[in-house]
Amino acid sequence: MLLTDLNAPGGIGANCLLLQLDGLNIVIDAGLHPRLTGRAALPRLERLQGLSVDLVFLTHCHLDHVGALPVLLREHPEALLVMTRDTACLYQVMLRNSRTVMERQRAELGVAEYPLFSYRDIAACGRRTIEVVPGHSRHFESARGERLTFTLYASGHIPGAAGILLEHRHRRIFHTGDVLFADTALLDGARFPGGDMDTVIVETTRGATHRSAPRESEMERLLGCIRDTTAHGGSVLIPAFALGRMQELIAVLHAARRDGRLGPLPLYLSGLGIELLNQFDGIARRGGHLRARRKMLRELRAEKLPLHHSPERARPGVYLLSSGMMVESTPSYETAAALLGSARNAICFVGYCDPDTPGGQLRDARHNGQFLFSALGRSVPVRARIEKFDLSSHADREDLLAYTLGRHPRAVVLTHGDPPARAWFRARIGEADPRCHVVDPVPLETVPV
Ligand SMILES: [Zn+2]
Ligand SMILES: [Zn+2]
């Protein structure tokens, strides 16, 4: 197999891997880099020029995996697109929202290349899609007669997320996608295949991070912060990924309200989180095991963040808003600018932030320093309480390592991690199995695996 990582800057970014298996050209994910703008945020799709792409697999619909899909499919209309049935309910919502944000950024930040794709490009993806049920194998034969069997397995990261098993001429290759083994308030953890694999392609997000605090105790600490802040007349902003994290927190707030750990409070949500919760309702009614439902919003009396809402003049409440990394021109970015200047308020980070995004910078900002909201053209003093909670939707490194080694792989490919995270996996695998061939692909260099 030949493997090429098309994510030019490396690390966690515009995820996109090209696998070439005896004449079969397979692409896994086509994401947008969260901190780059314009065409620079795309994977290097020009490397696919002249190739006939057989299959494109989508592991899940976070934007760093799905954001460039309409561009890839526009350039390769011959490709078939494979994803789980649940991902198929969600990915077009994410892409339409991404297009709306790009239009806003074109106006506010002057990015002339935006939007990178049209609504027609998004709809065209749907016409090439094969929806599969996790655990059910499918056979594929290319126009050139090359055969492949593939099976998707729930990866527990967000609804619809999957790892991908490829079986080609007696060789088993498993790509983990983004993984969480633990159950959450929203969904069950990963259900991955056992047995030996020839090659495991493993995400390494938490390779440089010690085992996380138990999720329940982090959630209790978050609820405590909400109680304290609102009791003293302040509001709480929780920047959260609209897909997955937001609905998990809705389920947690709902349970806390029901058993009296949280009193009645205004709760504001961004529209995308509500739209996705509606989709989750459809998935759950079809038999999917999702524990966040639309009726929770009614019972919490949650409302969509009104246009031109000013938190300074509203009652103390909770703002559960996207984007999780506080990217410019998003509701969490604008609400942070309104809340940051008062010591009564709190901003609670609950997920991964790239260090170069506004969220990553504010998370580590000095108390009483100034924070520049460049898209709004103003600085605000850092007076609000800033808290971090370890609620990652990625597996602990020890668990991923144990899963990987348990497959007795001939080769392991490291992906979706910063250099120190990859280094930890490389070292541990080397110690445990010195014969294992560990590949940390250099972006845009084709390597045999
Ligand atoms: Zn993800
Ligand atoms: Zn990811």
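User: Hi! Which order do the strands take in the six-strand open sheet?

Analyst: Hello! The order is β14-β13-β15-β12-β16-β19, and the pairing is parallel. Keep in mind that this is a predicted model.

User: Cool. Which strands stand at the edges there?

Analyst: Those are β14 (302-304) and β19 (385-388). Each has a single partner strand, so one side of each is left without a neighbour in the sheet.

User: And how are neighbouring strands turned against each other?

Analyst: On average by 20°, with direction ignored.

User: How many bridges join β13 to β14?

Analyst: Three bridges join them, and the two strands run parallel. Strand β13 covers residues 267-269. For a pair you can look up in the structure, try Leu269, whose bridge partner in β14 is Lys304.

User: OK, new sheet. What is the strand order in the one with seven strands?

Analyst: That one is an open sheet too, ordered β6-β5-β4-β3-β2-β1-β22, and its pairing is mixed. At the edges stand β6 (129-132) and β22 (447-448). Each of these has a single partner strand, so one side of each has no neighbour in the sheet.

User: Do β5 and β6 run parallel or antiparallel?

Analyst: They pair in the parallel sense, over four bridges, with β5 spanning residues 80-84. Thr84 stands opposite Val132 in β6.

User: Which helix lies across those two?

Analyst: That's α3, residues 85-109, and it runs at about 110° to β5.

User: Tell me about α3 then. How many residues does it have, and where does it bend?

Analyst: Helix α3 has 25 residues. From its first C-alpha to its last it reaches 36 Å, close to the 36 Å expected at 1.5 Å a residue. There is a bend of about 25° at Tyr91. Just after the helix comes Gly110, which takes a positive phi of about 70°.

User: What about the loop that follows, between α3 and α4?

Analyst: Pro115 is found in that loop, and α4 covers 119-126. A cis peptide bond joins Tyr114 and Pro115, with omega about -10°.

User: Where else should I look for a cis bond?

Analyst: Look at Ser322 and Ser323, which are also joined by a cis peptide bond, with omega about 10°. Ser323 sits in the loop between β15 (318-321) and α9 (331-339).

User: Why do you point these out?

Analyst: Because most peptide bonds are trans, and most residues other than glycine have a negative phi. On the phi side, have a look at Asn368: its phi is near 75°, a positive value in a residue other than glycine. Asn368 lies in the loop between α10 (358-363) and β17 (370-373).

User: Nice. Changing topic: how do β7 and β8 pair?

Analyst: Strands β7 (residues 138-141) and β8 (residues 147-154) pair in the antiparallel sense over four bridges. His139, for example, has Thr149 in β8 as its bridge partner. The hairpin has five residues between the strands, and Gly145 there takes a positive phi near 85°.

User: Last one! At what angle do α6 and α7 pack?

Analyst: At about 80°, with their axes 9 Å apart. That makes α6 roughly perpendicular to α7. Helix α6 spans residues 245-258 and α7 spans residues 271-285.

User: Which residues meet there?

Analyst: From α6 you have Met246, Gln247 and Ile250, and from α7 there are Gly273, Leu276, Leu277 and Phe280. By class, the contact has five nonpolar, two polar and no charged residues.

Technical notes. Residues numbered from 1 in each chain as written. Chains lettered and ligands numbered in written order. Predicted model: local features only at pLDDT ≥ 70, side-chain atom pairs only at ≥ 80, totals over all residues. Pairing = 2+ DSSP bridges. Contact = placed C-beta atoms within 7 Å. Axes fitted to C-alpha atoms, helices over the stretch in contact; angles between N-to-C directions. Expected span 1.5 Å × (residues − 1). Bend = angle between axes of the 7 residues up to and from the residue. Parallel < 35°, antiparallel > 145°, perpendicular 65-115°, else oblique. Nonpolar A, V, L, I, M, F, W, Y, C, P; charged D, E, K, R; others polar.
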